[in-house]
Amino acid sequence: MGVPSVDCEVKAMDMDLLVGCIVGFGALSVIAAIVVWCRARIEWVARTGARSAREILKDLRRGG
Amino acid sequence: MADKGPVSSELSRDLSLFHITMMGLGMMIGAGVFIGIGISLGEAGPGGLVLSFALNGLIALFTAMSFAELSSAIPRAGGAYNFARVGFGRGTSFVAGWMEWFASSVAGSLYAVVFATYTLHFLGELGLLGWLPFPLVYAKRGVAFAVACFFVYINYRGASETGKVGALFTIGQMVFVVGIAVVGIIVAVAEPSRLANFQPFMPRGWTRLLVTMGFIYVAFEGFEVIAQAGDETIDPKRNIPKAMIYSVFIVTMVYVAVSFATVVAVKSGSDITEPWRWIGSHGDRGFGMAVAKLLPGTFLGHLLVTLAVIFSSTSALNATIYSATRASYALGRDRMLPAAFSAISRKTKTPVVALAFTSIIVVMVAVFLPTKDVASSASIMFLFLFFLVNLCAIKIRLNMGDELEYGFVMPLFPLPPLLAVAAQLALAVWLVHMSFIAWILAPLWVFSGMAIYRFYSRSRTVATADEIHVLEEERAPAGDEYRVMVAVANPRNALELVLNAQKLCGAKQARVELLHMVPVPDQVPLRDAERFMLEGKEAMVEAMLYLAPRFPLSSTLRYCRNVARGIVSAVREKRVNMLLMGWHGRPRARAFRLGSTVDPIIERSPCNVVVLKGCGNRKFRRVLVPVAGGPNGAFALEVASILADPEEGQVVAFTVAGHSKFDIGGFLAEHVGRLHLPPDRVQAKVVSAPQVAQAILREAEDYDLIVMGCTAEPLLRQLARSSVPETVAHRCTKPLAMVKAEGGIRSWVKRWV
């Protein structure tokens with residue numbers, strides 16, 4: 001009866017590590033993706049000219 | 001800036017993307033990370049530590065996106081205080097400024113405490129504290145008090161000292177922190193068994209993650225100061241959002257790497273079975289204890305860690321004191337606090353009352369509160385402040401999205417600010433588990449601010465017409481005319497400069513741009529700098545009296561932090577062909593050739609430069625031009641032919657034989673045609689002498705003016721020995737003009753530094 005409980009404990013520890021890695025690397029990946037996205041937007045607005053938020057969004061929807 | 005009278009005034013935009021990104025990094029990589037790592041590791045375990053930084057980075061990035069969007073639409077200096085004024089009105093903006101003041105001050109206290117903790121620990125390791133007749137905790141408070149007072153004094157002294165100290169320490173801290181991260185990763189790769197230190201990954205459960213995230217959030221404060229540089233940044237709509245996002249990205253990566261390095265730094269063995277517990281047991285010194293084991297030799301390890309902490313905590317302390325001073329100064333300027341808060345010292349030009357009150361907060365919190373409570377208080381205040389800014393981003397986009405000109409609109413709006421608001425609220429609430437005192441102190445400060453606004457500020461606040469003021473980049477129109485910029489420093493030498501400027505402008509049929517730079521201390525926003533411009537305005541008007549009847553002329557006063565950078569950026573913006581300025585000729589600091597202002601201008605200005613020393617209102621009948629084949633020789637000859645008396649002036653091109661293969665005859669034949677004197681009044685002279693500089697100085701005795709090109713030697717050779725032009729410039733007692741032709745300086749390394 002004792003053996004299965006040991007297995008469960010080992011799995012629980014691994015699960016922490018697994019979830020932690022997914023969360024950690026996921027967060028870093030999201031950060032990197034947002035930085036690239038934001039940079040592209042800043043450059044695009046700089047190229048096309050600063051204007052109101054509504055106009056920028058309208059142009060973006062048109063495929064800018 | 002509005003034009004008033006004959007002289008227009010404008011702000012000097014001389015901070016590039018690199019400058020403001022470094023500014024944000026310098027503020028962020030402070031002592032918060034050092035003190036937070038040990039405590040957080042004990043609270044949440046190894047996995048919790050690394051995850052805290054990664055997830056906090058994400059929340060900070062969401063907040064940075066809000067700051068970036070708002071700064072691109074409202075690029076006026078002021079940051080959160082200004083955004084809240086636009087978004088929610090004066091009451092909320094007062095609370096934002098009030099929180100910003102306290103948050104920055106408490107962060108300063110934290111940095112003073114960290115400095116004291118690590119320095120005393122190092123001295124204790126060396127056995128130098130055995131003589132202390134009182135407990136170490138009192139010594140720690142004493143050192144924190146002393147270092148806080150020192151940096152208050154540095155801030156009182158004004159801009160130049162603040163800038164120099166800040167820049168030095170920022171470079172030092174970056175090198176150390178990145179170095180520690182790199183060594184940690186190398187150790188983990190070389191010895192993979194150390195990765196076992198990550199087990200157990202989250203020994204105290206996932207809920208502790210929220211506590212540590214809130215606790216170390218202070219390590220992510222700092223990027224918001226970039227918003228305060230809105231008035232000084234080149235192309236602010238583009239560069240400020242970029243700098244904020246880049247700095248948060250870089251700092252997150254560095255923190256994750258440093259926390260990883262800390263966990264793998266300690267090798268588990270018989271004495272240390274659980275490294276995370278051992279590091280955590282050292283509390284605020286845990287990071288230092290771990291990293292000392294990472295580096296070879298215990299003494300060297302402790303020394304490097306102590307140096308890293310000294311660099312980072314002092315640079316952050318310096319920056320937070322002036323940031324806090326600026327926040328309280330702004331409240332005084334707008335009469336939300338008594339007007340005395342905006343009083344400027346006549347001697348040092350710094351806001352002394354605002355600085356005095358800031359220093360009281362910094363010192364009191366550093367001396368009387370335990371470290372953990374200081375850090376928690378700072379974190380909670382920044383959580384409140386950023387919470388407010390995220391709300392501002394949502395409100396301003398929804399209400400004023402059609403009116404403001406945005407340089408950046410965040411993707412997925414309003415998801416990032418909403419997520420940030422929710423996360424910041426949760427972290428702030430969970431911080432009660434870390435410090436109950438912080439949870440009393442921070443709301444107490446906020447509520448006292450609300451009460452002050454209700455009973456004092458509301459009736460006294462100055463109504464400002466331009467609560468939304470969007471600065472536009474000012475570009476000089478492109479044209480074919482030759483432009484000469486005359487940089488007038490003060491009324492005493494303005495006339496001398498202008499009289500010689502007349503000759504140069506006349507010969508070139510030039511348009512004249514008169515410029516006076518007004519240096520403003522860091523603690524004072526550039527927009528409030530009009531009080532510093534009186535002397536400069538006087539000099540400008542005097543110069544205009546002489547030049548305006550003869551040449552097309554425009555004149556500008558520019559507010560700047562650094563005169564050299566300000567002049568170079570003005571030269572670029574106004575597309576100037578020639579810059580003319582004076583030089584006092586006094587002995588310079590060893591690191592500079594002609595001086596800390598003149599050197600960078602000569603090297604970086606993308607135009608011809610003429611620097612005059614002691615030229616006055618004289619007739620130059622005999623002009624000496626020492627030449628040796630350098631890139632500035634031809635321009636020196638041309639300037640000499642312009643400055644020489646048109647009736648009887650003679651120019652002598654002079655060279656010392658045997659030191660180069662320079663052919664002075666060929667040189668003259670090539671250039672004499674485009675000089676402003678008849679060919680018969682331009683001669684060559686060659687002498688033989690062992691020492692070039694001595695020969696020039698001897699020859700100069702018989703002349704009225706010496707015109708010579710600046711050195712074009714590479715950086716390393718300049719550092720190794722003085723160049724001939726530099727030696728002559730310092731020793732020559734005759735009127736002197738140092739010139740540099742466009743593109744004549746090759747010192748690329750120095751230019752970048």
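How many helices and strands does chain B have? Chain B contains 25 helices and 11 strands, where helices (H or I, at least four residues) and strands (E, at least two) are DSSP runs numbered from the N terminus. The model is predicted, so local features need pLDDT of at least 70 and side-chain atom pairs count only at pLDDT 80 or more, while totals for chains, interfaces and linings use all residues. Residues are numbered from 1 along each chain as its sequence is written, and chains are lettered from A and ligands numbered from 1 in the order in which they are written.

Chain A has 2 helices and 0 strands. Of its 64 residues, 19% count as buried, a residue being buried if 20 or more other C-beta atoms, placed from the backbone, lie within 10 Å of its own, exposed if 12 or fewer, and partly exposed in between. In chain B, buried residues make up 58% of the 753 residues. Two residues are in contact if their C-beta atoms, placed from the backbone, lie within 7 Å. Among contacts in chain B between residues at least 6 apart in sequence, 84% join residues at least 24 apart.

Where the two chains meet, 26 residues come from chain A and 33 residues from chain B. On the chain B side, helix H2 (32–73) and helix H8 (236–265) each supply at least two residues, and H2(B) gives the most, with 9 residues. This side of chain B divides into 20 nonpolar, 6 polar and 7 charged residues; Ala, Val, Leu, Ile, Met, Phe, Trp, Tyr, Cys and Pro count as nonpolar, Asp, Glu, Lys and Arg as charged, and the others, Gly among them, as polar.

Within chain B, helix H13 (residues 371–400) is a good one to follow on screen. H13(B) has 30 residues and reaches 42 Å from its first C-alpha to its last, close to the 44 Å expected at 1.5 Å a residue; the expected span is 1.5 Å times one less than the number of residues. H13(B) is mostly covered, with 24 of its 30 residues buried.

Two packed helices are described by the angle between their axes and the distance between the axes. The axes of H13(B) and helix H4 (residues 90–125) of chain B come within 8 Å and cross at roughly 150°. Here axes are lines fitted to C-alpha atoms, for helices over the stretch in contact, and angles run from 0 to 180 degrees between N-to-C directions. H4(B) and H13(B) are therefore roughly antiparallel, given that angles over 145 degrees count as roughly antiparallel, under 35 as roughly parallel, 65 to 115 as roughly perpendicular and the rest as oblique. Their crossing is left-handed, meaning that the near helix is turned anticlockwise from the far one by less than a right angle (clockwise would be right-handed). Residues in this contact include B:Met99, B:Phe102 and B:Leu110 of H4(B), along with B:Met381, B:Phe382 and B:Phe384 of H13(B). By class, the contact has 16 nonpolar, 4 polar and 1 charged residues.

Helix H3 (residues 80–88) of chain B also packs on H13(B), at an angle of about 40° and with the axes 9 Å apart, and the two are therefore oblique to each other. The H3(B) crossing is left-handed. Among the residues that meet are B:Phe83 and B:Phe88 in H3(B) and B:Cys392 and B:Ile396 in H13(B).
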